[in-house]
Amino acid sequence: MVSQVKKDRRRQDRPTSAKGFWTIEDSEELYRIRGWGDPYFAINAAGRVTVSPQGDRGGSLDLYDLVSGLQKRNIELPLLVRFSDILEDRIERLNACFAKAIARYNYPGTYRGVFPVKCNQQRHVIEDIVRFGEPYKFGLEAGSKPELLIALASLQKPGTLVICNGYKDRGYIETAMLATRLGQVPIIVLEQPEEVLLAIEVSRELNIVPVLGVRVRLHCKGIGQWSETTGDRAKFGLNVPEIVWTIEQLKAANLLDSLQLLHYHVGSQLSSIDTIKEAIREASQIYAELAKLGANMNYLDVGGGLAIDYDGSKTNFHASKNYNIQNYANDIVAEVKEACEEKAVNFPTLISESGRAIASHHSVLILNVLATSDVPADLPSVDREKDHLLIRNLYETYASISAENYQETYHDALQFKEEATSLFSFGYLSMTERAKAEQLYWACCKKIREIARQQDYVPDDLESLEKDLSLIYYANFSVFQSIPDSWGVDQLFPILPIHRLNEEPTERGTLADLTCDSEGKVDRFIDLLDVKSILELHPLRDRAEAGQLPEKEPYYLGIFLVGAYQEIMGNLHNLFGDTNVVHIQMTPNGYEIEHVVKGDTMHEVLGYVQYDADDLLENIRKHSERALKEGKIHLDESQLLLQHYERSLRSYTYLS
């Protein structure tokens, strides 16, 4: 089995084509797009990322052209693009895999999936999932009272399941029970002993016989980022003695027939099929024992955890998975059938709460790079007679660097740089001299790095050179708003340019966002053998137009597989709000824009923190009038300030 922690490599990655020129195949290999993107994302002959929202059964879109077209409609970046057809395709694939497994093992039961609303509560997403899921009676899972309200109002087809999880008060349980009068099938999953007694009491008061379930804390623990939240000390669920007690309480209340479902959850993003097998094996036995104790068991809910392959490595690394959806369905169906046959109990309807596996692929965040910063490595002029001895030594070190001595000269350059810092601190080196010494040091490092890139083996003491010399790419987005899992739990997302992929990416860089926070960065990137601290990128190109100041050509990056959890968990750090969102659906003639959801304006985010925009504007007007009376500002300047202030309040929180 592949280790959960990937092994560090003993050589640097060099995105240099063996053919001597760069091809799109080289970019495919470098950015792992075939591993994590199939069947939705690829690179076309023009070196641009394409999107095939219907997988291998429909047409494709050039993502760069799509973004350019959206910008012409005054939809600014950063921009979240949702592809509704991908949601439909994911639901269809999941149901098809379970149907195939059921047929393969001659399983007498059926499969009914539900989508956990917590994964993405956005209205248009939920509406799409309900619409695309109707042919399969695909339901919803609610983990709170607000999510229950969404689920009950969104589902249209009678008989569709609503799995009611999370902590429950009287209002939650009453609402779920009363919804049965509407023809819906809410299953109240009991997770705390107090909920058992409350459900019995509410059932008696309303004279409604509910459908109940129990959530069990399996001994089996999850794997990866969330493994510590599962097992015997998990936050949710009843242990085995508590489940036996629940049976007794329901039997005494004449409600044992209401207990129809067993639910468990061993964590999100289960990267190893072994964990899935172990969990379903234990849960199948508990299900069978509940049936033998007299419960009217009809459903087995295997919870969430169906993983996606963020890095394309197909391993049990936490950002990957070592199985596919068909393996997942096969193992669940086979294990449940075997347990039920052995115990001679009713075969349950199988339920899964796959959220990440349904929603992740359908959203892509598009960013524009604003600028880059580099180390000061231009070779300065050196006066071999007048300059300080240390500077002359550094220059001679630079001139002597070769493939035969690059490791030795690196240590010489490093020593001279440390001496320069020390001499400056004691007043023996001027600011200008220190600057020249640092320029020479970085020039040495760049020359050494170019030699090291050509070697099959990079010495340990030079492995940090790539990161030390990497550029910072300043991107127009907020890590905390758009990819909070990258910051909070070190989640890896595929990131790559959406164009220029037929050119060699000669720079190495990390990403910095717009927030005034040192954590507002991305410096962990997917790779086959380990997690990279730098990303291969292209240099920004100048674009000069007649009569205008020089500016950089647009350079667009895509952050992929961000459709699960990221939007709702984002925060307003520095008051950067929600991004613009567009929903794209394929048509026979191309695509159509289903919905445009405008991102937050400054007026809106200020309202979130209890500021009234009109009051703020009035305060600025008063300050301006006071400054006018005191002669500190001219009238035209005060009016320009007020115009800028008022225009800013109506503007997007990100940079134009």
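Q: Why is Leu255 called buried in this predicted model?
A: Leu255 has a relative accessible area of 8%. Buried means under 20%, so Leu255 counts as buried. Leu255 sits in the loop between α9 (240–252) and β10 (259–263).

Q: What does Leu255 touch, not counting residues up to four places away in sequence?
A: Its contacts are Ile200, Ser203, Val209, Pro210 and Leu250.

Q: Why is α4 called oblique to α11?
A: Helix α4 (residues 84–104) and helix α11 (residues 325–343) pack at about 40°, with their axes 8 Å apart. Angles under 35 degrees count as roughly parallel and 65 to 115 as roughly perpendicular; an angle of about 40° fits neither, so α4 is oblique to α11. The crossing of α4 past α11 is right-handed.

Q: Which residues of α4 and α11 meet?
A: On the α4 side they are Arg90, Leu94, Cys97, Phe98, Lys100, Ala101, Ile102 and Arg104, and on the α11 side Ile325, Gln326, Tyr328, Ala329, Asn330, Ile332 and Val333. By class, that contact has 10 nonpolar, two polar and three charged residues.

Q: How do you know that Cys445 is not bonded to Cys444?
A: Their sulfurs are 6.9 Å apart. A disulfide needs the sulfur atoms within 2.5 Å, so this pair is too far for a bond. The disulfide count by this rule is zero. Cys220 is in no disulfide either, and the nearest cysteine sulfur, that of Cys340, is 18 Å away.

Q: What makes Cys220 and Cys445 buried?
A: Cys220 has a relative accessible area of 1%, and Cys445 has 1% as well. Both values are under 20%, so both residues are buried.

How values were computed: Residues numbered from 1 in each chain as written. Predicted model: local features only at pLDDT ≥ 70, side-chain atom pairs only at ≥ 80, totals over all residues. Heavy atoms only, no water. Axes fitted to C-alpha atoms, helices over the stretch in contact; angles between N-to-C directions. Helix = DSSP H or I, 4+ residues; strand = E, 2+ residues; numbered from the N terminus. Parallel < 35°, antiparallel > 145°, perpendicular 65-115°, else oblique. Left-handed = near helix turned anticlockwise from the far one by under 90°. Contact = heavy atoms within 4.5 Å. Nonpolar A, V, L, I, M, F, W, Y, C, P; charged D, E, K, R; others polar. Buried < 20%, exposed > 50% of the residue type's maximum accessible area, 1.4 Å probe, protein only.
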